[in-house]
Amino acid sequence: MSPNYFYINIKDTRMSSQEMYTLLLNHAKVSVVPGLQEWFGPNAEGYIRVSFATSKEILNEAFDRIEHIINTL
């Protein structure tokens, strides 16, 4: 069984994964999982985890919202 998630590199934003999580949740209304080393190991910081265990329509809407927020940085 394949995992239903992937990691996105956010290092170029110069934000921590926790900061990106908070930004996306509060402004894009999209929940991701921050790459906290306590959860995913020492190399996890600088990444967010995104689940794609939903419909294509919901994913497209979420990525449109994420793109809009990232473009405002």
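This passage walks through the sheet, the core, the surface and the loops of a predicted model.

The sheet is a good place to start. Three strands make up an open sheet, laid out in the order β1-β3-β2, with antiparallel pairing. With β1 and β2 standing at the edges, each has a single partner strand, so one side of each is left without a neighbour in the sheet. Strands of a sheet pair through backbone hydrogen bonds, and the pairing can be parallel or antiparallel. Here, β1 (residues 5-9) is joined to β3 by five bridges, and the two run antiparallel. One residue to look at in this pairing is Phe-6, whose bridge partner in β3 is Val-50. On the β2 side, two bridges join residues 33-34 to β3, again antiparallel. There, Pro-34 has Ile-48 of β3 as its bridge partner.

What do the two faces of β3 look like? Strand β3 spans residues 47-51, and its covered face carries Ile-48 and Val-50. The uncovered face carries Tyr-47, Arg-49 and Ser-51. Both residues of the covered face have already turned up as bridge partners, Val-50 for Phe-6 and Ile-48 for Pro-34.

Ile-48 also leads straight into the interior. The largest nonpolar core counts 13 residues, and Ile-48 is listed with Met-20, Leu-24, Val-30 and Val-32 as having the most contacts inside it. At least two residues of this core come from each of α1 (17-28), β3 and α3 (56-71). Helix α1 gives the largest share, four residues. As background, nonpolar side chains tend to be buried together in soluble globular proteins.

Val-30 gives a closer look at who meets whom. Leaving aside residues up to four places away in sequence, but with Leu-24 and Leu-25 on the list, Val-30 touches Ala-62, Arg-65 and Ile-66 as well. Arg-65, one of those contacts, has a further link: a salt bridge to Glu-61, with the closest N and O atoms 3.0 Å apart. The structure holds one salt bridge. Arg-65 and Glu-61 both sit in helix α3, four residues apart, which is about one turn of the helix. How accessible are the two partners? Arg-65 has 34% relative accessibility and so counts as partly exposed, and Glu-61, with a relative accessible area of 40%, is partly exposed too.

Moving to the surface, Tyr-5, Tyr-7, Trp-39 and Phe-40 make a nonpolar patch of about 410 Å². Strand β1 and helix α2 (37-40) each put in at least two residues. Trp-39 belongs to helix α2. Is this tryptophan buried or exposed? Its relative accessibility is 54%, so Trp-39 counts as exposed.

The backbone has a couple of quirks in the loops. Most residues other than glycine have a negative phi. Against that background, Arg-14 stands out with a positive phi of about 60° although it is not a glycine. Arg-14 lies in the loop between β1 and α1, and its relative accessible area of 78% is why it is classed as exposed. Lys-29 does something along these lines, with a positive phi near 60° in a residue other than glycine. Lys-29 is found in the loop between α1 and β2, and its relative accessible area of 57% makes Lys-29 exposed as well.

The loops on either side of β3 round things off. Ala-44 lies in the loop between α2 and β3. With a relative accessible area of 9%, Ala-44 falls under the 20% cut-off and is therefore buried. Its contacts, not counting residues up to four places away in sequence, are Gly-35, Leu-36 and Gln-37. Thr-54 lies in the loop between β3 and α3, and its 38% relative accessibility is why Thr-54 counts as partly exposed.

How far apart in space are Ala-44 and Thr-54? The two are ten residues apart in sequence and 24 Å apart from C-alpha to C-alpha. For Thr-54 and Asn-4, the sequence separation is 50 residues, while the C-alpha to C-alpha distance is 9.1 Å.

Definitions and conventions: Residues numbered from 1 in each chain as written. Predicted model: local features only at pLDDT ≥ 70, side-chain atom pairs only at ≥ 80, totals over all residues. Heavy atoms only, no water. Buried < 20%, exposed > 50% of the residue type's maximum accessible area, 1.4 Å probe, protein only. Pairing = 2+ DSSP bridges. Patch = residues over 30% accessible without salt bridge, like charges linked within 9 Å, V, L, I, M, F, W, Y side chains within 5 Å. Areas by Shrake-Rupley, 256 points an atom, 1.4 Å probe, with all protein chains shown as cover. Salt bridge = Lys/Arg side-chain N within 4 Å of Asp/Glu carboxyl O. Core = buried A, V, L, I, M, F, W, Y, C linked by side-chain atoms within 4.5 Å. Contact = heavy atoms within 4.5 Å.
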